[in-house]
Amino acid sequence: MSILVYIEHADGAIKKTSLEAVSFAHALAQQTGGGDVVAVGLGTIAEDQLAKAGEAGASKVLYVKDSNLDAGVIQAHADAVAQIYEKVGAETLILATSSLGSAVAARLAVRLQAGLVSNVVELPDLSSGYQVKRSIYTGKAFAVTTVDTAHKILAIKKNAIDLKTDGATASVELVSLDIAQANFATTITSTDQATGEVLLPEADIVVSGGRGLKGPENWGMIEDLAKVLGAATGCSKPVSDIGWRPHHEHVGQTGVKVAPTLYIAVGISGAIQHLAGVNSSKYIVVINKDPEAPFFKAADYGIVGDAFEVLPKLTEAIKAVI
Amino acid sequence: MKILVCITHVPDTTSKIQFTDNNTKFDKNGVQFIIGPYDDYALARAVELKEQLGASLTVLNVGEADTEPTLRKALAIGADDAIRINAFPKDSLFVASEIAAIAKENNYDLILMGRESIDFNGGMVHGMVGQLLGMPSVSPVMKLDIEGDTVKMAREIEGGKEYLEAKLPLIAGCQEPIAEWKIPNMRGIMSARTKPLNVIEPSQNQSATAVVEFKLPPAKGAVKLVDKDNVEELVKLLKNDAKVL
């Protein structure tokens, strides 16, 4: 049995969430007694980058080198992956739950007649049928879900598995596909993306600020700490609503859901809608001058104190140890 | 122009999530149900487009009879008529194939819904409907304008957005800031009572997955507080105990 992994890339490098998907597929293959883990990359990607999928656990990488696929046109990517899936004779498709990955997976579920589970948080339990644990209610609960179809698609959530880094370099094989023009019915005219920064949905450490910071002019403190930690910056909903920070930094129920190993919340009280966006974090640190802030109940570590006083000290103290 | 907005009937975002019947059913006790927040954005944008372009606006939900107040609320906000597919929404495929069946009969130009429901968070229904109907599907859409038969959109991607164009017909999964939520006014609420709400039995009955058990995350231990004048202690904990630095 082969497992196909759809990998996404940004600026020519494979996304970490996609490498996690490769590691997930590798572990799943081990669980079912071996089998090929084939990764597929679309667009223009450096071949040495593609070979890195091998380190994460892929035995082979298929590379559809086609500049028409550089832009993430949902239908075109879905068509390409479906063609590869059939070519490989795969039975399972693994991909990362992401803006493009989820959109592609949904179309593929219908096309490949595959049962689809998204936000998968751990390897399937195959002891009685095929049971997959996924995150629901925005991280407030889990659902153990059976997949009843022969073909399966699992869209995995960040941190569902430890990234494997000790695999052998994979061979990269060029494949050309004929993708019908109808699949390019949507045209991407431009993109407006923060570059050179750590992207919030994929970050391992996130530093977020709330109204306690009193104004956008004070965000330098958040950015300084984030820089020292190699972290992404986020914010609460009120902060993005009043325009202190852009919408794509809004962490919460209706914003970005993050799953970092460390989430540092500064001057955020911890409304239930915000907590829903961060409850998949491994460790949470809360800094708030109000000892009654509900966020402390969801935190692992906390400091009751004024952000303006604590934050610069914390940044210096962290600088001293890393 | 004909617009269809598909909505979910979900627990209010402040609800405490609990399960009953041996963790196989959601506990509705004391829970207030609302239009899915993302669906509410889709509906608000659809009402704006209806006013701007003179469209008809149908709202649809796949759900049992207890979801009707949610559909009535959508009618009060500005939909012209409502359809309830009378079935428990088993999974994404189930919902998508029922929506696609209705859409095939009615030839909507634009189908909007939220990027995902806030109960199961799948975010899959719009893409599935798109594939079932052979139509483009775009999600998550944060801006949508129609000029002639061209739809101009902004879609959220990790760390930014991309701008897209497509021709109608089209399906979009929506999120903020596509429009401001609309609160129904008294006239809307009064007229919603008499607007048509058609109950249709499911015709496809397809599903591919099933939930066997719900689980709650383990309770979080008590927070470890560190004195504000001793931030070095926090750094030590993060480095040595949590091992995240």
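**A guided reading of chains A and B**

Of the 245 residues in chain B, 49% are buried. The model is a predicted one, and the description below begins with chain B before turning to its partner. Chain B holds 6 helices and 15 strands, and its C-alpha trace extends over about 65 × 45 × 40 Å along the principal axes. When contacts within chain B between residues at least 6 apart in sequence are considered, 71% of them link residues at least 24 apart.

A UniProt record gives a name to part of this chain. In an unreviewed entry, residues 23–209 of chain B carry the feature "domain: Electron transfer flavoprotein alpha/beta-subunit N-terminal". That span is 31% helix and 33% strand, and its end C-alpha atoms lie 17 Å apart.

A convenient place to enter the fold is strand β1 of chain B, residues 2–6. This strand is mostly covered, with 4 of its 5 residues buried. It pairs with two strands of chain B. With strand β6 (residues 56–63), β1(B) runs parallel and shares 5 bridges; here B:Leu4 stands opposite B:Thr58. With strand β8 (residues 110–114), β1(B) also runs parallel, through 4 bridges. In this pairing B:Val5 faces B:Leu112, and B:Ile3 has B:Leu110 as its bridge partner.

Strand β8(B) leads onward to another strand. It is joined by 5 bridges to strand β12 of chain B (residues 170–174), and the two run parallel. Within that pairing, B:Met113 is bridged to B:Gly173. How far is β8(B) enclosed by the rest of the structure? Because 5 of its 5 residues are buried, β8(B) is largely enclosed. In a regular strand, the side chains alternate between the two faces of the sheet.

Helix α3 of chain B, residues 92–106, can be examined in a similar way. Its 15 residues, at 1.5 Å a residue, should span 21 Å, and the end C-alpha atoms are indeed 21 Å apart, so the expected and modelled spans agree. Since 11 of the 15 residues are buried, α3(B) is largely enclosed by the rest of the structure. The buried residues include B:Phe94, B:Val95, B:Ile99 and B:Ile102, together with B:Ser97 and B:Glu98. Just after the helix, B:Asn107 adopts a positive phi of about 50°.

B:Met128 connects this helix to the other chain. The residue is located in helix α4 of chain B, residues 125–133. Why does B:Met128 count as buried? It has 28 C-beta neighbours inside 10 Å, and the cut-off for a buried residue is 20 or more. Although B:Met128 and B:Ser97 are 31 residues apart in sequence, their C-alpha atoms are 7.8 Å apart in space. Setting aside neighbours within four places in sequence, B:Met128 is in contact with B:Ser92, B:Leu93 and B:Ala96 of its own chain, and with A:Ala106, A:Ala109 and A:Val110 of chain A. B:Ser92, B:Leu93 and B:Ala96 are among the buried residues of α3(B).

The contact between the two chains as a whole takes 64 residues from chain B and 72 residues from chain A. On the chain B side, strand β11 (residues 160–167) gives the most, with 8 residues. By class, the side of chain B that touches chain A comprises 33 nonpolar, 16 polar and 15 charged residues. Strand pairing also crosses between the chains: strand β12 of chain A (residues 187–193) is joined to β11(B) by 6 bridges, and the two strands run antiparallel. One of the residues involved is A:Ser190, whose bridge partner in β11(B) is B:Tyr163.

Chain A itself is divided into domain 1 (3–184) and domain 2 (200–321). The centres of these domains, taken over C-alpha atoms, are separated by 31 Å. Their contact involves 10 residues from domain 1 and 7 residues from domain 2. On the domain 1 side of this contact there are no nonpolar residues, but 5 polar and 5 charged ones.

UniProt also annotates this chain: an unreviewed entry places the feature "domain: Electron transfer flavoprotein alpha/beta-subunit N-terminal" at residues 3–188 of chain A. Over residues 3–188, chain A is 28% helix and 31% strand, with end C-alpha atoms 30 Å apart.

Key:
Residues are numbered from 1 along each chain as its sequence is written. Chains are lettered from A and ligands numbered from 1 in the order in which they are written. This is a predicted model: local features need pLDDT of at least 70, side-chain atom pairs count only at pLDDT 80 or more; totals for chains, interfaces and linings use all residues. Domain bounds come from an automatic or database domain assignment. Ala, Val, Leu, Ile, Met, Phe, Trp, Tyr, Cys and Pro count as nonpolar, Asp, Glu, Lys and Arg as charged, and the others, Gly among them, as polar. The expected span of a helix is 1.5 Å times one less than its number of residues. A residue is buried if 20 or more other C-beta atoms lie within 10 Å of its own, exposed if 12 or fewer, and partly exposed in between; C-beta atoms are placed from the backbone. Two strands pair if DSSP finds at least two bridges between them. UniProt positions are given in the numbering used here, feature names are shortened, and annotations may be inferred rather than shown by experiment.
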